[in-house]
Amino acid sequence: MTPGFLARVGGPPLPRRLAPPAGAPFQCAVPPGAHPDRVQTGRRGSLTAVGDLRLDNRDALRSELAVPGGDDLGLLLAGYQRWGDRVVGHLDGPFAYVLWDADSGLASFARDRLGLRPLYRADWGGGVLLASSLPLIQQLAPRVVCLDAAQDHLLGRDRQPGKTMTGGIERVASAVQGTVSVEGERATVTTRRYWSLGPAGTRATISDSEAEAAFRDAFDRSVLACLGGATGALLSGGLDSSSIVATARELRPGRPLPTFSIVYDDPKADERLHLDAIARHAGVEPLRVRGETLPMLAGLDDDLRAIGEPFPTPNLFAARALYARAAADGLDAVLDGFAGDNVVGHGDLWLTELALHFRWTAFARELRAAARRFPQPRRTAWTMLRHYALAPLARPFRTPDPRVHFMRRELAGAVGPPAPRHIRDGDLHRAELSGTALPRAFEVTYARASALGVEPRFPFADRALVELCLALPPRQRVRDGLTRSVLRRAMGPRLPDSLRSRSSKARLGDNFEHALFDREPERLRTLVFEDVPAASDVLDVGAVQDAYRRALDDDEERGRIALPLWRAVSFARWRSLSGEASGPGVAASDGPAAGPALS
């Protein structure tokens with residue numbers, strides 16, 4: 001099943017097996033398997049809309065629009081009648097929609113501010129296709145590999161974020177609203193950004209108590225908005241997931257909250273000490289899955305079919321296992337702590353700011369506070385001094401290490417220098433929150449979880465919380481040697497002291513390498529020696545196979561090539577599958593599909 005919606009504005013009708021015949025310039029379809037509470041169609045007067053949305057401010061909209069009930073799509077239609085395209089500025093929460101106004105002959109589409117819901121578009125016989133699912137829209141587009149997107153994927157960069165791996169299909173950026181007008185046999189699209197983040201650190205004079213209260217209020221509102229339906233939560237024992245579970249239990253103490261955890265035997269990855277502490281503190285009993293037993297490659301085909309293209313998140317297989325279990329337990333949604341690091345911000349680059357501006361007293365104070373938390377404080381202090389002060393000073397004089405990739409050299413072109421390094425904490429924080437990496441990760445997770453029948457919900461990805469955290473000064477994020485200080489202080493007694501004061505973080509790199517090379521060796525070998533050669537028009541087959549052989553006997557080489565190899569074999573496998581994918585209700589032969597080629 002491929003949940004989502006598909007709409008066309010102008011152009012030829014959609015295939016009959018996907019949607020009923022329609023002579024109007026607008027047509028939409030919701031395939032079987034889409035969740036009826038999220039993917040909806042509706043009409044109001046001359047307006048018709050289709051959307052995948054969950055509005056967090058529906059009560060406020062009902063009051064403002066004098067609409068006593070109805071679903072979220074009905075509120076969108078009522079809001080459009082009052083505000084027109086400006087309705088998008090009144091919506092909070094995840095959404096992607098397409099709306100047709102028969103009176104004006106215009107279509108409007110939009111994606112939410114943070115990119116929590118996917119939205120794609122493509123030309124269609126003089127018209128425009130819009131879809132919330134990449135596999136759905138791929139059924140009606142020629143299977144041509146976009147070389148720019150392939151470069152980005154294989155080189156581990158994001159220079160063409162609007163392009164998907166299928167040539168001619170583009171992703172609509174987060175916080176973008178567009179209009180489609182149809183004149184004769186040609187549709188014209190115009191777009192605008194309706195929201196952007198302000199400058200960092202605008203609330204520099206905020207007191208500690210004010211910052212903690214503001215954070216707690218915004219976080220509580222976001223968690224509460226995510227708790228509708230049969231909801232569970234992922235719980236790792238880290239600060240983010242623990243804060244979500246503890247807050248959910250405090251806000252709804254009598255409501256069941258099933259939790260799902262992955263545990264490891266590797267001490268660098270294992271968080272059972274903190275997991276046990278938060279489980280006792282919050283009164284939950286996590287369902288535990290052994291991380292070392294999770295297969296990575298066995299589910300790769302299903303991942304690629306659900307997402308529609310190779311994806312930049314190699315540890316998705318671990319989350320996939322927990323989402324599948326939540327679906328098997330009958331849950332509608334799962335709270336996920338992803339993006340907590342990015343939204344709250346670590347603030348550790350502030351130490352570099354202090355050093356580069358010769359504020360050595362403040363720098364030394366934070367260094368001493370951090371070092372005291374480790375068994376070898378002098379060694380820790382020296383390591384931090386090198387990392388936060390000496391290395392940034394030497395960086396302009398260093399030649400960066402060459403980027404490892406397995407793309408054919410003549411196609412890769414100039415790899416180019418790495419992305420510029422920010423030297424101000426606020427600049428880095430804003431760049432992370434306004435960049436394209438987070439929306440892309442939300443797309444991948446949402447597509448995979450939705451295909452399993454579960455909605456992922458991200459309490460940290462809330463507009464009000466994002467704007468607040470960016471506005472706070474770095475001093476609210478780094479305090480007494482601990483990063484993410486405002487979160488720790490705002491949670492207070494909700495979290496056990498041992499968790500609020502933890503300074504370590506689980507490291508999953510070894511588990512990823514083990515999953516790739518050791519758990520399913522025959523599957524990896526098949527990918528390298530059968531799928532990779534079939535993608536020889538893009539991949540350097542000899543380089544892939546030689547590196548694979550060396551990595552079997554060389555742990556250092558294994559660590560060096562693991563991620564580039566993953567990118568190469570997942571791309572190759574997607575190429576192998578790309579001719580056989582078929583979405584619900586539409587066969588590959590219904591659209592102008594072609595064999596994979598380069599664009």
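Two strands count as paired when DSSP finds at least two bridges between them. In this predicted model, strand β3 (residues 39-44) and strand β4 (residues 47-53) meet that condition, pairing in the antiparallel sense over 6 bridges. Within the pair, glutamine 40 stands opposite glycine 51 in β4. The hairpin of β3 and β4 has 2 residues between the strands, and glycine 45 takes a positive phi near 65° there.

Just before β3 comes a good place to pick up the charged pairs. Arginine 38, in the loop between β2 (26-29) and β3, links to glutamate 455 in strand β17, 417 residues apart in the chain. Their side chains meet in a salt bridge at 3.8 Å, N to O, and both arginine 38 and glutamate 455 are buried. The two also belong to a network of salt bridges that links Arg38, Asp52, Arg54, Asp56, Arg117, Glu455 and Arg457.

The model has 48 salt bridges in total. Three of them are set side by side here:

| Salt bridge | Closest N to O | Accessibility class |
|---|---|---|
| Arginine 38 and glutamate 455 | 3.8 Å | both buried |
| Aspartate 270 and arginine 272 | 2.8 Å | partly exposed, 25% and 27% |
| Arginine 463 and glutamate 467 | 3.2 Å | partly exposed, 27% and 31% |

Buried means under 20% relative accessible area and exposed means over 50%. Aspartate 270 counts as partly exposed because its value is 25%, and arginine 272 does so because its value is 27%. Arginine 463 and glutamate 467 both lie in helix α17, 4 residues apart, or about one turn of the helix.

Now to the second largest pocket, which holds about 860 Å³ of space. Of the 40 residues that line this pocket, Arg54, Leu55, Asp56, Asn57 and Ala225 are the closest to its centre. Arg54 and Asp56 appear in the salt-bridge network as well. At least two lining residues come from each of α1 (58-65), α5 (208-225), β17 (455-457) and α17 (463-471), and α5 gives the largest share, with 6 residues. By character, the lining divides into 15 nonpolar, 7 polar and 18 charged residues.

Finally, which residues of helix α20 (residues 509-519) are buried? They are Asn511, Phe512, Glu513, Ala515, Leu516, Phe517 and Arg519. These buried residues pack against four helices: α9 (316-328), α21 (521-534), α22 (541-553) and α23 (555-577).

Conventions
Residues numbered from 1 in each chain as written. Predicted model: local features only at pLDDT ≥ 70, side-chain atom pairs only at ≥ 80, totals over all residues. Heavy atoms only, no water. 1 Å grid on protein atoms, 1.4 Å probe; cavity = no way out; pocket = protein on both sides within 12 Å on 5 of 7 lines; lining within 4 Å. Points joined across faces, edges and corners; volume = space filled by probe spheres on them. Nonpolar A, V, L, I, M, F, W, Y, C, P; charged D, E, K, R; others polar. Buried < 20%, exposed > 50% of the residue type's maximum accessible area, 1.4 Å probe, protein only. Contact = heavy atoms within 4.5 Å. Salt bridge = Lys/Arg side-chain N within 4 Å of Asp/Glu carboxyl O.
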